[in-house]
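Good morning, and thank you for coming. I would like to take you through one protein structure, beginning with a single loop residue and ending with a pair of helices.

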Amino acid sequence: MAGGFRFALALGLMGAGLLQGQVTSPEKFFGFQLGSDRKIARWDKIVEYFGLLEKESGGRLKAVNMGPSTMGNPFLLVIISSAKNLAGLERLREVNAKISDPRGLAEPEVQKLIREGKAVICQSMSLHATEIGGTQMAPELAYDLLSRRDQETERILTNVVFLMVPSFNPDGAIMVADWYQKTLNTEYEGSNLPWLYHKYAGHDNNRDAFQTNLAESQYMTKIMFRDWVPQAYLDHHHMGSYGARIYVPPYAEPVRPHADPLVWREMSWYGAHIAYKEEEAGLSGILNMAQYSGWGHFGFHWITPFHNTAGMLTESASAKLATPIYIHPDQLRGDTRGLPDYEVQTTFPNPWPGGWWRLRDIVERQKVSAWALLDLAARNRETVLWNAYQKGKRQTERGVQGKPAAYVISAHQHDPLTAIKLVNKLLGQGIEVYQAPRGFTTGEGMRYPAGSYMVSLAQPKMGLIRYLLGRTLYPDNEWTRARDGSPMRPYDMATDTMFEFMGVRVDPLDALVRGEIVKVAGPVERVGKVEPGGSAHAFDGRLNDSFKAVNLLLEKGVAVRRVDKPSQGLLPGDFLVGAGAEKVLAEIAKETGVDFVALEKEVTQATHEVKRLRTGMYQRYWGGNMDEGWTRWLLEHFRFPYTTLMDAEIKKGGLNEKYGVIILPEDSTAMITGERRAVPGRPGERAEGPRRPEEAYPPEYRSGIGEEGVKALKTFVEKGGTLVTLGGASNFAIEKFELNLRNVVANRSSKEFWCPGSTLKVKFDNLHPLAYGMPAEGLALYLGGNPAFEIIPSAYNERYEVIVRYADRDLLQSGWLVGEKMLAKKAAMIAARCKEGRLVLIGFRTQHRAQTHGTFKLLFNALIR
Ligand SMILES: [Zn+2]
């Protein structure tokens, strides 16, 4: 902005007595302009700066430490508004909550609340920590809001409560800044981090919004889904370097149904203003309504529309972190949804011509988009709030009129403790849940026991409930197929049906049940019971938490046995503890919720002692492997001890001395061995051209177990070890161990076979120890690129056992499946004997993002004997 203009406006406002004290500029504080070439402000300095701004802001900025991130760094919520608004923030929060959930309010009351309320806008930065623009921009955005004296700024502060999360991933922000510093002035300057930029999740931290396994997700859901329901949310990301300079809202087709239509119109409305403001500022390369479809995975910006928040994202072209990148005009391309060519079109009227592209360019475009959203909300405060009321009211009405009317989570479940986890996850989303203190019968004649939960659709988050608890089919139409008829990959998942992932039975009801129900006030905690007496105790092998109990018992030196044949009402897979451990059992019952049942007499026939196999968890570089990270998360949460195993140790051999089982997480053979160049990321992803400089890693981070590693793993198995291969890593096992198995979906065209992120019906052989505790039938999560197996006839057929098999027909529960006959009746999980050891090949995603509770046990069973 020109100095003269700012001066004139400052004078204008001085008369109104609004001039504040001096606020320290980022340039002064950090010693450089944020976004400058080859400079990254570190998270601790940014936290310090917000602390300073809070002191200097005259009550217009509040920096709230939400708590520690996964690795113990402060997770900040920065609230910016007028001093008057911040002084009365709690009242504004109440007003916002009532407008967003207007049940029981008469319209005049709502009108009054709207006059009193403020537009609540949330924006978050650099969730993906290598996408550094947002976090570098945030201090400057705050500074501008506090130091600019013009009417536009004053209107924003007066009319908007701005909830800013300056880093969604503080740990990653620090890792990336340090990595950049370390590689500065080397040939690897600007290269990406060789490991995950979050302790467990890496890029997948944006796939956690509905399951909230991570501390960061839990803070965000508290901010956005419970404490506040913002009217709009904008999440700032980066994308590849060779297309548009910044994508801004709205999304392209297809969109998910069941949100209030206003939410999609709002995104167009905000998006138009954002794009317009960018052009007004003379910034080129702005693209909207393209590239990112409105139906995506349930990450934060894609789940928020179903919370009645206009949930949007920006995606900026990446530089090489803070190092500029040069792009030739002929390297620029469209080739994406809604931008077939890099040419002028309505939603892309001003293509960027090419040249040097810098972090500062990103910071500027993001700042304009962030500001534009605040500006439009401030100019239209009453409309924004009226819409918030409308969305909440109409979604509730749709819930009243539509079918189903409610979902019931029966107290009778295969794994009731996991059902409680589902209830708690729903509460975390701000969804209302009720519980029936007595048993009841539905109009359809279904009988439910006391303690069953009910989720009515007659509430503002109706759309969200339908997706988390109702079967979901991804559209197969002209928006989802390319011109040649081949299916276009959805953004990651074709479904996020939480109850299916978790293996919890949820029933839709056409009508609400009359009778006593009680609102669940807070997270449900269950303390397990220890039945007194008896000569031994048994606990249920169907519960995931029983494995945690097993691990806790073994940690305390208490022996555990497992039942192999039914007896005394016990099932294969149930666990047994001898007499005398009651005190320990009481502690564990409290910690896990598991019940311990007293047995009249000890069971000795057909049981075996549970031995934990010493677990090695393979980890590689090349940016890290998210599936590896989530597996670690899962093992830690169920108290399975493990050792991270890297290339050097595998290559060295002698693995049997230290390990009983080695887990290879989902990966391609090329990435595991390092034999060939491969693009890091999920298999099935579009292969790209030669590795770009920013994707090159220093030699010590180009991992791969090599031929020696393959040999060492073979020796390990032949001498009695167990090798567990998850998802695509099973292809590695087939190839390198020369198994008599064939991946039946390998090399199929997408028109022939296609199944992105979907739940499929399978049968479990629950008499086999690897499937102990599983139901006879259930669901498995299949993700594109996962293998399914056929046993090739040979002289060694008996070495192979099918543990999980796809159903005969009608496989698809939720998502998208083309070519079901390819999978029908085929093996989904196989155990293969190999001399003294064995391989366990799990073709589907048994522990996907620590979300698929329904199939965790298949992995757990492989880690014990
Ligand atoms: Zn991103």
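Let us start with N185, which is exposed because its relative accessible area is 61%. By definition, buried means under 20% relative accessible area, exposed over 50%, and partly exposed in between, computed with a 1.4 Å probe on protein chains only. N185 sits in the loop between α9 (170–183) and α10 (215–227). Helices here are DSSP runs of H or I with at least four residues, strands are runs of E with at least two, and both are numbered from the N terminus.

A word on the source: this is a predicted model, in which local features need pLDDT of at least 70 and side-chain atom pairs count only at pLDDT 80 or more, while totals for chains, interfaces and linings use all residues. Residues are numbered from 1 along each chain as its sequence is written, and side-chain values use heavy atoms, with hydrogens and water left out.

Now to the backbone. Most residues other than glycine have a negative phi, and most peptide bonds are trans. N185 has a positive phi, near 65 degrees. M289 also has a positive phi, near 50 degrees, and lies in the loop between β8 (286–288) and β9 (293–294). M289 counts as partly exposed, because its relative accessibility is 46%.

Where are cis peptide bonds found? One joins P249 and P250, with omega about 0 degrees, and P250 belongs to the loop between β6 (246–248) and β7 (252–255). Another joins E253 and P254, with omega about -5 degrees; P254 is in strand β7 itself.

Next, the metal site. Which residues provide the protein donors of the zinc ion? They are H128 through ND1, E131 through two OE entries, and H237 through ND1, at 2.0 to 2.6 Å from the ion. Donors are N, O and S atoms within 2.8 Å of the metal, or 3.2 Å for Na, K and Ca; water is not among the atoms, so sites may look incomplete. The angles among the 4 donor atoms run from 54 to 149 degrees, and the site is irregular. Four donors count as tetrahedral if all angles lie between 85 and 135 degrees; four count as square planar and six as octahedral if opposite donors are over 155 degrees apart and all others between 65 and 115; anything else is irregular.

Along the sequence, the donor residues follow the spacing H-x2-E-x105-H. E131, in the loop between β3 (119–125) and α7 (133–147), and H237, in strand β5 (residues 232–239), are 106 residues apart, and the pair links distant parts of the chain. Both E131 and H237 are buried.

Finally, the helix pair. The axes of α11 (residues 261–280) and α14 (residues 381–401) come within 9 Å and cross at roughly 155 degrees. That angle makes α11 roughly antiparallel to α14. Axes are lines fitted to C-alpha atoms, for helices over the stretch in contact, and angles run from 0 to 180 degrees between N-to-C directions. Angles under 35 degrees count as roughly parallel, over 145 as roughly antiparallel, 65 to 115 as roughly perpendicular, and the rest as oblique.

Among the residues that meet, with contact meaning heavy atoms within 4.5 Å, are W269 and Y270 in α11 and R394 and R398 in α14. Thank you for your attention.
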